[in-house]
Amino acid sequence: MPEPILRCDDVALTYRAADHPDRTVLRGVTLAVAPGEAVSLVGRSGSGKSSLLHLAAGIAVPTAGRVLLAGHDLGSGSERERTLWRRDTVGLVFQFFHLLPHLSVAENVALPGWLGGLAGREVQARTADLLDRVGLADRAADPVGRLSGGEMQRVALCRALLRRPPLVLADEPTGSLDDTTGREVMDLLLALTRAEGGALLFVTHSRQLAAAADRTLRLVDGRLEPERTA
Ligand SMILES: Nc1ncnc2c1ncn2[C@@H]1O[C@H](COP(=O)(O)OP(=O)(O)OP(=O)(O)O)[C@@H](O)[C@H]1O
Ligand SMILES: [Mg+2]
């Protein structure tokens with residue numbers, strides 16, 4: 001197996017706060033995501049899916065065990081290092097899009113390129129190409145706040161993919177869309193990441209969408225169920 005893009009070794013996550021008792025939400029989690037692989041993550045509400053994506057993105061750090069993102073040990077890095085590793089390695093997609101409503105469609109997509117210091121011309125060409133591939137070329141100049149939910153999520157996919165991240169993490173990317181639109185967005189997300197050779201780890205509550213991945217991981221009360229081979 002090639003070097004995984006994401007690896008978790010016996011990871012635990014405990015949330016600690018002064019005003020409530022410690023809460024361990026992930027335990028003994030071991031997994032590997034290979035380059036180019038599409039993996040779905042399922043489990044009941046509160047089972048730890050979002051927490052696991054936060055660990056994978058270096059937004060949270062493990063209380064025990066190791067998380068390796070493109071070979072970087074996230075627990076060993078400073079917050080600044082984790083931010084840079086995340087920027088270089090990960091594209092993020094959220095349930096509620098997290099777009100900047102007063103910027104145009106194209107500006108929202110281009111933002112990670114500008115922040116990452118890419119050449120303006122390259123960012124512009126990449127933005128136009130991605131918007132074309134999701135069918136939004138003619139909306140490039142519109143304020144993003146005028147788009148429908150499904151259109152906004154397509155913009156968010158383009159933004160996530162702009163820098164060709166080797167790993168896309170998507171937390172319920174279809175969770176606020178109707179079934180048909182959700183299916184379309186999921187098909188696009190899978191097709192775009194596959195076309196670019198990136199890996200995808202996505203959370204969904206839909207059995208049908210989960211089955212579109214190469215394999216499915218299931219969390220039960222913070223632990224991964226053993227995988228069944230088909
Ligand atoms: N910052 C936090 N502090 C304390 N507990 C937290 C924190 N964030 C999440 N939790 C708890 O961790 C557990 C797992 O939450 P998480 O958001 O990972 O679940 P989830 O599987 O994504 O659920 P859902 O399907 O509802 O999105 C929950 O019991 C939640 O209350
Ligand atoms: Mg969640």
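Student: Leaving aside its neighbours within four places in sequence, which residues is Phe202 in contact with?

Tutor: In this predicted model, Phe202 touches Val39, Ser40, Leu41, Ala170, Met186, Leu190, Leu209, Ala210 and Ala213. They count as contacts because heavy atoms lie within 4.5 Å.

Student: What makes the largest nonpolar core a core?

Tutor: Its 35 residues earn the name because they are buried residues of nonpolar kinds, joined through side-chain atoms within 4.5 Å. Leu99, Val155, Met186, Leu189, Leu200 and Phe202 touch the most other members. Among the elements giving two or more residues are helix H3 (105–115), helix H6 (179–196) and strand E8 (199–203). The largest share, 7 residues, comes from H5. There's also a second, separate core of 31 residues, including Leu6 and Leu69.

Student: How do you know that Ser51 makes a polar contact with ligand 1?

Tutor: A polar side-chain atom of Ser51 lies 2.6 Å from a ligand oxygen. The cut-off for a pair of N or O atoms is 3.5 Å, so this pair qualifies. Arg23 gets there too, with a polar side-chain atom 3.2 Å from an oxygen of ligand 1. Ser47 uses a backbone N or O atom, 3.3 Å from a ligand oxygen. As for cover, the protein hides 64% of the 640 Å² of accessible area that ligand 1 has on its own.

Student: Which residues of the shell come nearest to ligand 1?

Tutor: Of the 13 around it, Ser45, Gly46, Lys49, Ser50 and Ser51 do. The shell splits into 2 nonpolar, 7 polar and 4 charged residues. Gly46 may look odd in a polar tally, but Gly is counted as polar here. Helix H1 supplies the largest share of the shell, 3 residues.

Definitions and conventions: Residues numbered from 1 in each chain as written. Chains lettered and ligands numbered in written order. Predicted model: local features only at pLDDT ≥ 70, side-chain atom pairs only at ≥ 80, totals over all residues. Heavy atoms only, no water. Buried < 20%, exposed > 50% of the residue type's maximum accessible area, 1.4 Å probe, protein only. Helix = DSSP H or I, 4+ residues; strand = E, 2+ residues; numbered from the N terminus. Near = heavy atom within 4 Å. Polar contact = N/O pair within 3.5 Å; in protein donor to acceptor, adjacent residues only side chain to side chain. Areas by Shrake-Rupley, 256 points an atom, 1.4 Å probe, with all protein chains shown as cover.
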